[in-house]
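Here are a few short exercises to work through with the model open in your viewer. Try each task before reading its solution.

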Amino acid sequence: MTDTPKTSLATQLIARFGDTLSISTVRNETVAELAAADLIAVATALRDEPAFRFSELIDLCGIDYLGYGQTEWDTETVSGTGFSRGVEGEAQGRFDWAGRPRGGNRPRRFAAVIQLLSLEHNRRLRLRVFCADDSLPMVPSLTLVWPGVNWFEREAFDLYGIIFDGHPDLRRILTDYGFVGHPFRKDFPLIGNVEVRYDPLQKRVIYEPVSIEPRVLVPRTIRDDADLMQAKAEAADHWREN
Amino acid sequence: MQEIRNYTMNFGPQHPAAHGVLRLIMEMDGETIVRADPHVGLLHRGTEKLAESKPFNQSIGYMDRLDYVSMMCNEHAYVRSIETLLGIEAPERAQYIRTMFDEITRILNHLMWIGSNALDLGAMAVILYAFREREELMDVYEAVSGARMHATYYRPGGVYRDLPEQMSKYRESPWHKGADLKRINSWREGSMLDYLEAFTADFPSKVDEYEELLTTNRIWKQRTVGIGVISPELAQQWGMTGAMLRGSGVEWDLRKKQPYAKYAEMDFDIPVGVNGDCYDRYLVRVEEMRQSNRIIRQCVQWLKANPGPVMVKNFKVAPPSRVEMKEDMEAMIHHFKLFTEGYCVPAGETYCAVEAPKGEFGCYLVSDGANKPFRVHLRAPGFAHLSSMDTIVRGHMLADVVAMIGTYDLVFGEVDR
């Protein structure tokens, strides 16, 4: 894990793939973003070439960037105007199906994130593929490169509606038989759409529109991490003093 | 000539060998499997989505309920990913406590596995013995957190509290009194660490007992040797980790290769298999129990000698003590903010994995700087393992599917999340 700059994974990736990947390394974790069209070729090279040998695909998951960085409680203007106690927002858990946020289309909303592991070099790499089209997110399937990705792709399809082109068996996997919608999308209500119960009159299990109210106890707040920095400095002082 | 067609058989979800709620649709040619299609998700609770609507700390308890026989290892992955984004590190004593409890958890998990797997394959006795030791370790969980299973003990920045000075004792009852009561309480006179020391001294002989029942047992070998053979290449293609990968002869263990907590300081060995069949994976897991026992002993020794803090002294992340709260206004405010709003984690993303008893349990965490995670994805080893079911059981007999479910060490809390 102690790579010199010359042998570091990022350097090797840039040397091999050039502009195909946009690479960043944060906290020793290398992340490569790439276009969906390049995915299969890059993945095959990463698996087979001796410099990389990412023999295992550890994980693939979907992600929905709708509402990224949105806050429900403005803390910036606190000192000037005081706190606003009315919480407004459309974040997770605050809406039902009728009131779901609409028209929140942002460019590059959906992405598939892949975690690779090389046993030979003891290294990890994260790939991120953004879907070009918001309304029909599509990514090529990796099932021919790593067969183990099969269920992970099914899961991302089920929960986010990302379509994996070329997948042999793209069925829902975690949700109920006959489920409608993609529940992990940020515009899908946390309370869901339907609830299930046994009806003694009809003597069978029935589906009904959900009856619980959306409720969130803690507003979503983004604070500057200056707070944290200060606390860290204070903690360091504390240790020095004692 | 008479026309013979394959028939389809449904297995589970209400079947004792389904280890929870696995539903398998199998296409059979006589008693041979032609195709197996596992249906999962019957225990799907949307843990990852729930976590997005709560402050970071409130989701730690959900982690226990994923793989509900290796609770603290799940917490460890989640807590570690938060710590990575916050850029904080738990104090040394907390790291040792985590290492120790990860290994206690591994033994708990493997005891559950050895008992239920043997039960699936027709050996009734093992589960009775395994649960005897499991109960002893459950008491340690209870002593430290108040809960036997869902502990919520690890916190970003350390662990919830220091190890207790005493163990709970059995009280006199019509069934336990006099000399008998004294005997069952004999380990419990001292602190929790004394109790664990007594346990680790005793445990290897208990593992010998399980081995006595199984390792050379003719029926056990007939059911497991040569069944579900997985080559190293196949294991890597299907993203296998943990004992599934080591059983195939690949020496890969995150505790050695990418050490976290205090594993770098521990002296232990990594057992690997040769043939990659169910029997080798059994041997690997049994040896892992002995190695875990060794690690616990080392941790106990260190923890006895080195008292110290178990939580970072950073009030933006960890709550101040009750005493401080009552003397210091600032501490009071910190406490209030921490429990009403939580802490904000700097924007960024990370993937942190631990070697859970079942394999690599990872947490991919994305934060946009808020007090709630933007996205949490939990990488469950069982999910990857089970997906290979169809490839591996083709051509096996129906009864071997049960052996396979056992050797995958499935728990549906983590597969379905």
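**Exercise 1.** In this predicted model, find out whether B:C363 is buried or exposed, and what its cysteine partner status is.

*Solution.* Start with accessibility: B:C363 has a relative accessible area of 0%, so the residue is buried. Next, look for a sulfur partner. The nearest cysteine sulfur belongs to B:C352, 7.4 Å away. A disulfide needs two cysteine sulfur atoms within 2.5 Å, so B:C363 is in no disulfide. Turning to B:C352, its relative accessibility is 6%, and this residue counts as buried too. Over all chains, the count of disulfides is 0.

**Exercise 2.** Compare the span of helix α7 of chain B with the expected value, and locate its bend.

*Solution.* First, take the length: α7(B) runs over residues 192-214, which is 23 residues. From first C-alpha to last it reaches 32 Å, close to the 33 Å expected at 1.5 Å a residue. Then check the axis: α7(B) bends by about 35° at B:F203, and the proline B:P204 follows within four residues. Finally, inspect the N-terminal end, where B:S191 acts as a cap, with a side-chain oxygen 3.3 Å from the backbone nitrogen of B:L193.

**Exercise 3.** Which residues of α7(B) are buried, and what covers them?

*Solution.* List the buried positions: among them are B:L196, B:F199, B:T200, B:F203, B:K206, B:V207 and B:Y210. For the spacing, recall that an α-helix has 3.6 residues a turn, so residues three or four places apart point the same way. Last, identify the cover: it includes α4, α5, α8 and α12 of chain B.

Key. Residues numbered from 1 in each chain as written. Chains lettered and ligands numbered in written order. Predicted model: local features only at pLDDT ≥ 70, side-chain atom pairs only at ≥ 80, totals over all residues. Heavy atoms only, no water. Helix = DSSP H or I, 4+ residues; strand = E, 2+ residues; numbered from the N terminus. Expected span 1.5 Å × (residues − 1). Bend = angle between axes of the 7 residues up to and from the residue. Buried < 20%, exposed > 50% of the residue type's maximum accessible area, 1.4 Å probe, protein only. Contact = heavy atoms within 4.5 Å. Polar contact = N/O pair within 3.5 Å; in protein donor to acceptor, adjacent residues only side chain to side chain.
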